[in-house]
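This report follows the charged pairs, the strands and the helix packing of one protein chain. Please keep the sequence and the structure at hand while reading.

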Amino acid sequence: MRINRQTLLKITNETVKKRVRESHSILAVYMYGSLAQEEEPFLGDSTDIDLVFIHEFDNGKKREIIGLTEEITLDIENHSRTDYRAPRELRSHPWLGPAIYKFTILHDPRHFLDFAQASLRDQFFAPDNVLARAQAFTASARQAWMSLLSAGNSSPETVEKFLQAAADSANGFASLEGDPMPERRLLTQFFERTQTMGQPALYSGLLEILGAGEMSAEDLSQCLSAWDIAYSAACSVTNTAPEAWAVLPVRKRYYRNAYEAQMQSERPADALWNLLLTWTRAVSYLADNHSAHKDWSAMMTQIGLLGQNFADKLEALDSYLDLLEETLEGWGIARGITEF
């Protein structure tokens with residue numbers, strides 16, 4: 001089957017029509033992400049379709065991942081009407097605000113989304129709203145860093161929190177000039193944003209925090225093999241756990257294809273953050289004595305996210321956050337915002 005943008009849009013519209021027929025609780029539906037913004041949706045010949053179904057009430061399923069082919073998945077979020085009760089306040093929401101600003105409406109018979117988008121777009125790019133979205137990310141990263149200080153021994157859970165804090169840090173800066181960055185493309189887009197905004201050292205600084213300097217191209221390749229084993233093992237557990245949306249059999253090619261494409265690019269390290277994150281998530285579902293822990297632990301120790309060097313990584317993250325927080329404050333002051 002030949003898959004292109006038109007095919008994806010056809011699949012999307014058919015999915016929405018089917019769900020609307022089956023459920024009378026659906027108030028509205030929108031699409032966001034690369035497909036909605038007419039950007040290149042494929043990375044490594046794989047992609048997902050990001051949809052949000054808004055229900056009259058909470059339907060109990062926050063996230064659904066549905067495999068269409070080995071390369072294509074539907075990533076569905078279920079929201080309730082109350083999530084949009086104050087659209088003007090969502091201007092400062094770091095994720096939902098940018099999604100609403102650029103979404104493509106697929107179902108909105110009562111014009112619920114028309115009103116929400118029109119209300120949010122007014123003053124969306126006012127400096128105080130831009131800064132609020134950016135600082136929401138750095139505040140989340142700072143909170144994670146503080147909790148890690150008292151976490152004791154590092155583990156898959158602490159490593160995942162560290163990696164997410166690193167991503168939030170990057171998104172804090174990137175949000176000054178655009179949307180937050182999606183997981184698979186985080187480092188690729190962060191490189192582009194830092195270049196455009198004249199701060200290339202922030203990209204290399206993030207790679208240093210992630211341990212890229214301790215890894216060779218051969219290490220990255222070996223990581224992928226170990227990742228594959230851990231991910232496949234975890235799928236036997238997560239396939240029966242509906243809340244485990246991040247590690248599912250239908251997502252394996254979605255992630256692996258992206259890693260392989262990035263590893264073959266001019267910046268192989270762009271694959272690092274998402275590889276480490278999904279590898280860590282996979283291992284967290286496995287028993288401590290599972291053989292997949294061995295390779296994961298060895299690599300995390302090598303790059304300093306496990307063991308005695310983890311304290312040094314926390315110190316590096318602290319310094320990186322200090323720099324980003326100062327950068328955001330300077331950005332705000334230059335635009336007349338004096339209260340932080």
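In this predicted model, aspartate 122 counts as partly exposed because its relative accessibility is 45%, a value that lies between the limits of 20% and 50%. The side chain of aspartate 122 meets that of arginine 91 in a salt bridge, with 3.8 Å from N to O. This pair links distant parts of the chain, since arginine 91 belongs to the loop between β4 (72-80) and α2 (96-102), whereas aspartate 122 belongs to the loop between α3 (112-121) and α4 (127-149), 31 residues apart. Arginine 91, for its part, is buried, with a relative accessible area of 11%.

How many salt bridges does the structure hold? The count is 21, and three of the pairs are set out here.

| Salt bridge | N to O distance |
|---|---|
| Arginine 91 and aspartate 122 | 3.8 Å |
| Arginine 142 and aspartate 318 | 2.7 Å |
| Arginine 256 and glutamate 260 | 2.9 Å |

As general background, side chains of opposite charge can pair when their charged atoms come close.

The closest N and O atoms of aspartate 318 and arginine 142 are 2.7 Å apart. Aspartate 318 lies in helix α12 and arginine 142 in helix α4, so this salt bridge ties together parts that are 176 residues apart in sequence. Both aspartate 318 and arginine 142 are buried.

The salt bridge of arginine 256 with glutamate 260 lies within helix α9, where the two residues are separated by about one helical turn because they are 4 residues apart. Arginine 256 counts as partly exposed at 23% relative accessibility, and glutamate 260 also counts as partly exposed, at 28%. Elsewhere, salt bridges that share partners join Asp48, Arg63, Asp75 and Arg251 into one network.

The strands come next. An open sheet of 5 strands is arranged in the order β3-β4-β2-β1-β5, and its pairing is mixed. At the edges of this sheet are β3 (63-67) and β5 (104-107), each of which pairs on one side only, and the twist from one strand to the next averages 25 degrees. Strand β2 (residues 47-55) runs parallel to β4 and is joined to β4 by 9 bridges. Within this pairing, aspartate 50 has aspartate 75, in β4, as its bridge partner. Helix α1 (residues 5-22) packs on the sheet, where it touches β1 (26-32), β2, β3, β4 and β5, and the direction of α1 makes about 25 degrees with that of β2.

Two further helices deserve attention. Which residues of helix α6 (residues 186-196) are buried? They are Leu186, Leu187, Thr188, Gln189, Phe190, Arg193 and Thr194, and these buried residues pack against α5, α7 (200-210), α9 (252-263), α10 (272-284) and α12 (310-334). Just after α6, glycine 198 takes a positive phi of about 70 degrees.

Proline 156 has its place in helix α5 (residues 156-174). Is proline 156 buried or exposed? With a relative accessibility of 13%, proline 156 counts as buried, because the value is under 20%. Apart from neighbours within four places in sequence, proline 156 is in contact with Thr280, Val283, Ser284, His293 and Trp296. The C-alpha atom of proline 156 is separated by 34 Å from that of methionine 197, which lies 41 residues away along the chain.

Technical notes. Residues are numbered from 1 along each chain as its sequence is written. This is a predicted model: local features need pLDDT of at least 70, side-chain atom pairs count only at pLDDT 80 or more; totals for chains, interfaces and linings use all residues. Side-chain values use heavy atoms; hydrogens and water are left out. Buried means under 20% relative accessible area, exposed over 50%, partly exposed in between (1.4 Å probe, protein chains only). Contact means heavy atoms within 4.5 Å. A salt bridge is a side-chain nitrogen of Lys or Arg within 4 Å of a carboxyl oxygen of Asp or Glu. Two strands pair if DSSP finds at least two bridges between them. Axes are lines fitted to C-alpha atoms, for helices over the stretch in contact, and angles run from 0 to 180 degrees between N-to-C directions.
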